[in-house]
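The following note is offered to a colleague who has the sequence and the coordinates at hand. It proceeds point by point and may be read beside the structure.

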Amino acid sequence: MTDLLLVSLGTTRGLRLADAELVEMLRAAGASVAAVGTRVGWTNALRRAYPVNDVVEAIAARRALAVGLSRHQPRSVVFSTTTAALFAGDPGVPFAVWLDSPARLNRPGRASTVLHPLERRQLSRARLILTWSPTAAAELPLGAAPSVVMPPPIPVAPAPSSGAREPVVVAYTPDPKAKGLALLCAAWDRADLPGARLLIAGIPPDRAAEFLARRGVRLPRGVEVIGMVSQPSFRDLLARARVFVSAAEWEDFGIAPLEALDRGAVLVGAPGGGPFPGLGIARALAPEFVAADREPDSLARALEAAFAADDAVLAAYRVAAREALEPYRPEASVKRLREEVLPALLVAPRR
């Protein structure tokens, strides 16, 4: 028998990468693991908006679960995302749910209320809830199973250079609305940062231009939309940049801001919704680098503060940032998997 079956929703590249990393960490913790992915099939034509998208994906996940149980006969199951678990019922073996944010938090509104009782039912049936951040754990519904913080891993990067960094600010806005592209451009236009450049990654230039034009926002001077870049190139850019800026309206987790901190960039942010652990770390490290509100002037002042900080302040900031990332290292997650997660899952089902 396989120790554990991972049911991977895999609807985005980020989820697929995270699931692959979880499989590797589980194996490093000593478990035998099989993974099954979802195939939406003909029901993909029904996908238009939430909560219909969630229902379609949950049906596909239930089919994948059936295939995985038959093929691998696992001793336990981990569902990646709440959506993957919604229609799973009782799989007959202990199970956990790995999630960045519960649906009660990131699926608000009347249309999505149908999902909330389904989520409560499955999270109460689970043996464990594996949350990507402490904030997500605090938002679990009443009656949910015990939680263990289990973030996607942030491997240790080479130590940041002690030399001067380029006067470059990096942003990552694959979803221009959710990532606050309009606010970011408005703030940059107001910031007094002579000689600095803002490089926006994760979105094709034409798509960014269309999004801004619909909102009457122009691309300010000193801003370049660099489009889609490879992971190694993006990480190299973070290692050279002075600042990474997030203007996200909503962030369930945010790997890019954490990797920026790890590579020595200052994290400047605007308050937004979602668990977003990086923003909490940024506030603890230097509250003056986090805007007080979502007004462009406030974010502009935070950017100016990051450029005004002297070298000694930034050196101490970088040391403290890497210390704050210790719970997100793969070694820490493997230890929690070995000591807390696998012992709870790899036992006989409760009767």
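1. R75 is a convenient place to begin: this residue is partly exposed, with a relative accessible area of 34%. The value falls between the 20% under which a residue counts as buried and the 50% over which a residue counts as exposed. The model under discussion is a predicted one. R75 is located in the loop that links helix 2 with strand 3. When neighbours within four places in sequence are set aside, the contacts of R75 are M1, T2, D3, V93, P94, L345 and L346. Between the C-alpha atoms of R75 and V7 there is a separation of 14 Å, the two residues being 68 residues apart along the chain.

2. Q73 belongs to the loop between helix 2 (52-72) and strand 3 (77-80). Its backbone deserves a check, as Q73 has a positive phi of about 45 degrees without being a glycine. As general background, most residues other than glycine have a negative phi.

3. A second residue of this kind is F276, whose phi is positive, at about 35 degrees, although F276 is not a glycine. F276 sits in the loop that runs between strand 11 (266-269) and helix 11 (277-285). Is F276 buried or exposed? With a relative accessible area of 6%, F276 is buried, because that value is under the 20% cut-off.

4. Turning to the sheet, six strands make up an open arrangement in the order 2-1-3-4-5-6, with parallel pairing. Strand 2 and strand 6 (147-149) are the edge strands, each of them pairing on one side only. From one strand to the next, the twist averages 20 degrees.

5. Strand 1 (residues 4-8) is mostly covered, five of its five residues being buried. L4, L6 and S8 point one way from the strand, L5 and V7 point the other way, and all are buried. In the parallel pairing of strand 1 with strand 2 (residues 33-37), five bridges join the two. Within that pairing, L4 has V33 of strand 2 as its bridge partner, and V7 has V36 of strand 2. Between these two strands the chain passes through helix 1 (residues 13-28), and the resulting β-α-β crossover is right-handed.

6. Strand 1 also pairs with strand 3, in the parallel sense and over four bridges. Here the bridge partner of L5 is V77 of strand 3. V77 in turn has F95 of strand 4 as a bridge partner, and the pairing of strand 3 with strand 4 is likewise parallel, over four bridges.

7. Which residues cover the two sides of strand 4? F95, V97 and L99 lie on one side and A96 and W98 on the other, and all are buried. Strand 4 (residues 95-99) is accordingly described as mostly covered, with five of its five residues buried. Strand 4 pairs with strand 5 (residues 128-131) in the parallel sense over four bridges. In that pairing, L99 is matched with T131 of strand 5 as its bridge partner.

8. Why is helix 7 (residues 181-190) said to be largely enclosed by the rest of the structure? The description follows because eight of its 10 residues are buried. The buried residues are L181, A182, L183, L184, C185, A186, A187 and W188. They pack against strand 7 (166-172), strand 8 (197-201), helix 8 (205-214), strand 9 (223-227), strand 10 (241-246) and helix 12 (296-308).

9. The packing of helix 7 on helix 12 merits separate comment. Two packed helices are described by the angle between their axes and the distance between the axes. For helix 7 and helix 12, the axes come within 8 Å and cross at roughly 60 degrees. The crossing of helix 7 past helix 12 is right-handed. On the side of helix 7, the contact is made by L183, L184, A186, A187, W188 and R190, and on the side of helix 12 by P296, D297, L299, A300, R301, L303 and E304. By class, the residues of this contact comprise nine nonpolar, no polar and four charged.

Notes:
Residues are numbered from 1 along each chain as its sequence is written. This is a predicted model: local features need pLDDT of at least 70, side-chain atom pairs count only at pLDDT 80 or more; totals for chains, interfaces and linings use all residues. Side-chain values use heavy atoms; hydrogens and water are left out. Buried means under 20% relative accessible area, exposed over 50%, partly exposed in between (1.4 Å probe, protein chains only). Two strands pair if DSSP finds at least two bridges between them. A crossover is right-handed if, with the strands pointing away from the viewer, the path from the first strand over the helix to the second runs clockwise. Axes are lines fitted to C-alpha atoms, for helices over the stretch in contact, and angles run from 0 to 180 degrees between N-to-C directions. Contact means heavy atoms within 4.5 Å. A crossing is left-handed if the near helix is turned anticlockwise from the far one by less than a right angle, and right-handed if clockwise. Ala, Val, Leu, Ile, Met, Phe, Trp, Tyr, Cys and Pro count as nonpolar, Asp, Glu, Lys and Arg as charged, and the others, Gly among them, as polar.
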